[in-house]
Amino acid sequence: MRTVAETPLGGFPLWLTVVASGSLVVSMLCAAVVAVDVARRPQRMRVMNIVWPVSMLFGGLLWLALYRRHRRASAADAVSTPLSIAVGSTHCGAGCALGDLIAEFAVATSPALAGALGFGTVFAHRMFAGWILDFVVAYLLGIGFQYFAIAPMRGLSLREGVLAAMKADTLSITAWQIGMYGVMALLQLGVVAPAFGGPASVFTPEFWFVMQIAMLGGFLTAYPANAWLIRLGVKEPM
């Protein structure tokens, strides 16, 4: 199978590289600011001390505003308004963000792993092979994050906590990844590839800028799933 070449670093116009790089720098600065803040004022759920800084990597200034709104919210607001759903979705998104970051670099730097996932035989685009590992790693991290949110609150054993975490986050993680994959495919294959001769390589700021936008798509598809799970009491309000 003939594979599709990716657009490498330096293959994009300067303005796009500047915009993409600027977005990534702002997001990393937001992550640093929030990391310092949660170190000074730890969250009620300790796992959120990790979730909030990680979420800044894709959410940037928008998620910094959400974090500040959450900080100002009363206890009643935190569990009874769309704010709790947004925070619950963010909790899910942090696992997805870390999973995608780890998996994308793993697939891009290991031809053997990419081949094992079907690149060159089943998939012409490396992106599709990467999605398989993306989901696996994101799911494991997401369930881990959810375990440390649910188990301490409910006093669950390891087995009970893992099962509760899987029940709480399987749907929301799947919904997030579906939304992210859809936007990623639309931008990479429908916009970037036609305009620049191929999808952006993982080793370019443009790829991660597209990923940031795609993660917002994931948030939109995960939000209703989290609203339903929180309403049923399957997932704890964050």
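Biologist: What makes up the lining of the largest cavity by class: how many nonpolar, polar and charged residues?

Modeller: In this predicted model, the lining has six nonpolar, three polar and three charged residues. Among the lining residues are Val4, Met127, Pro199 and Phe207; Val, Met, Pro and Phe count as nonpolar. Glu6, Glu104 and Arg126 also line the cavity, and Glu and Arg count as charged. His125, Gln188 and Ser201 belong to the lining too; residue types outside the nonpolar and charged lists count as polar.

Biologist: Why is this space called a cavity?

Modeller: Because a 1.4 Å probe fits there but cannot get out, the space is a cavity and not a pocket. The volume is about 90 Å³, and a search of the whole structure finds one cavity of 30 Å³ or more.

Biologist: How do you know that helix 7 falls short of a straight helix?

Modeller: Helix 7 covers residues 158-196, 39 residues in total. At 1.5 Å a residue a straight helix would reach 57 Å, but the end C-alpha atoms are only 49 Å apart.

Biologist: Where does helix 7 bend, and by how much?

Modeller: Helix 7 bends by about 40° at Asp169; that value is the angle between axes fitted to the seven residues ending there and the seven starting there. Just after helix 7, Gly197 has a positive phi of about 90°.

Biologist: Which residues does UniProt list as "transmembrane region"?

Modeller: The unreviewed UniProt entry lists several ranges, including 128-150 and 208-230.

Biologist: What is the helix content over residues 128-150 and over residues 208-230?

Modeller: Residues 128-150 are 100% helix and 0% strand, with end C-alpha atoms 32 Å apart. Residues 208-230 are also 100% helix and 0% strand, with end C-alpha atoms 31 Å apart.

Key
Residues are numbered from 1 along each chain as its sequence is written. This is a predicted model: local features need pLDDT of at least 70, side-chain atom pairs count only at pLDDT 80 or more; totals for chains, interfaces and linings use all residues. Side-chain values use heavy atoms; hydrogens and water are left out. On a 1 Å grid over the protein atoms alone, a cavity is a set of points where a 1.4 Å probe fits but cannot get out, and a pocket is an open set with protein on both sides within 12 Å along at least five of seven lines; lining residues have an atom within 4 Å of a point. Grid points are joined across faces, edges and corners, and a volume is the space filled by probe spheres set on the points. Helices (H or I, at least four residues) and strands (E, at least two) are DSSP runs, numbered from the N terminus. The expected span of a helix is 1.5 Å times one less than its number of residues. UniProt positions are given in the numbering used here, feature names are shortened, and annotations may be inferred rather than shown by experiment.
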